[in-house]
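Biologist: I am new to this structure and would like a close look at a single part of it. Please pick one part, describe it in detail, and then set it against the rest of the chain.

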Amino acid sequence: MFELSKPKASLGAIIWKSIWYGFIAGMISGMVKIGWENILPPRTLARNLTNPPQHLLEQIGFSAKTVHAFVYYSTDQKVFYVALLMHFGFSIVFAALFLFLAQYWKITTLWQGAAYGIVIWIAFHLIILPALGTIPAPWHQPFTEHFSEFFGHIVWSWSIYAVAVCLAKNDKKHILRNL
């Protein structure tokens, strides 16, 4: 179950493909997660005035003006681009990490990547962000937040897996395996 495997491709090729495919899968999965959160918003409007990525940036010293920076789209729609950069950056980094880990540790792809999403949800929403004071302790978060974030991370990580499988299948060199 926790067995490590030795890939056939070189470490450099695996890193390059993990980053490149991770960028593509991260962008798509980031859009999937935004869509999910529009259907099932994880936070109340009041708690989302400064969302967790914005709050985290403020905690490390960025000004409120910077983290709430926005551009107008379609005349009157505010697009908070700093929060979007954090959101997509997170998705890209963890998509690339997923692909890299899968090459050495097959269990990373358990349940077509859904288990990876659950692990990320536990790590960030139940441990790291509450420990940093970025979000409330898990027992102070409403059920709707847990529900949205738990299933949102599953859909997010499955979309990483689905995109990665498609990209790897169509790669003539077949560098990434275990997907």
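Modeller: I pick helix α5, which bends by about 35° at Phe124. The bend at a residue is the angle between an axis fitted to the seven residues ending there and another fitted to the seven starting there. Helices (DSSP runs of H or I, at least four residues) and strands (runs of E, at least two) are numbered from the N terminus.

This is a predicted model, in which local features need pLDDT of at least 70 and side-chain atom pairs count only at pLDDT 80 or more, while totals for chains, interfaces and linings use all residues. Residues are numbered from 1 along each chain as its sequence is written, and side-chain values use heavy atoms, with hydrogens and water left out.

Helix α5 covers residues 114-132, and its 19 residues should span 27 Å at 1.5 Å a residue. The expected span is 1.5 Å times one less than the number of residues. The C-alpha atoms at the two ends of α5 are 26 Å apart, which agrees.

Which residues of α5 are buried? They are Ala114, Ala115, Tyr116, Gly117, Ile118, Ile120, Trp121, Phe124, His125, Leu129 and Pro130. Buried means under 20% relative accessible area, exposed means over 50%, and partly exposed lies in between (1.4 Å probe, protein chains only). Phe124, where the helix bends, is thus one of the buried residues. In general, an α-helix has 3.6 residues a turn, so residues three or four places apart point the same way. The cover over the buried residues of α5 includes α4 (81-104) and α6 (143-169).

Both ends of α5 have backbone angles to look at. On the approach, Trp111 sits in the loop between α4 and α5 and has a positive phi of about 60° although it is not a glycine. With a relative accessible area of 59%, Trp111 is exposed. Gln112 lies in the loop between α4 and α5, also with a positive phi, about 55°, and again is not a glycine. Its relative accessible area of 42% makes Gln112 partly exposed. On the far side, α5 is followed by Gly133, whose phi is positive, near 80°.

Next come the two helices that help to cover α5. In α4, Gln103 is buried, at 2% relative accessibility. Leaving aside residues up to four places away in sequence, Gln103 touches Ser5, Pro7, Ile14, Ile175, Leu176, Arg177, Asn178 and Leu179; contact means heavy atoms within 4.5 Å. A polar atom of the Gln103 side chain lies 3.4 Å from the backbone oxygen of Leu99. A polar contact is a pair of N or O atoms within 3.5 Å; within protein, one must be able to donate a hydrogen and the other to accept it, and residues adjacent in sequence count only if both atoms are side-chain atoms. In α6, Phe147 is partly exposed, at 34% relative accessibility.

Ser18, in helix α1, is buried at 2% relative accessibility. Its side chain reaches the backbone oxygen of Ile14 at 2.8 Å. Beyond residues up to four places away in sequence, Ser18 touches Ala96, Leu99, Phe100 and Leu176.

Elsewhere, Pro52, Gln54 and Leu57 are buried in α2, under cover that includes α3 (64-67) and α4. Helix α4 therefore appears in the cover of both α2 and α5.

As for the whole chain, six helices and two strands make up the secondary structure, in the order α-α-α-β-β-α-α-α from the N terminus. Buried residues make up 40% of the 179 residues. Of the contacts with a separation of 6 or more, 71% join residues 24 or more positions apart. The C-alpha atoms fill a box of roughly 50 × 40 × 30 Å along the principal axes.
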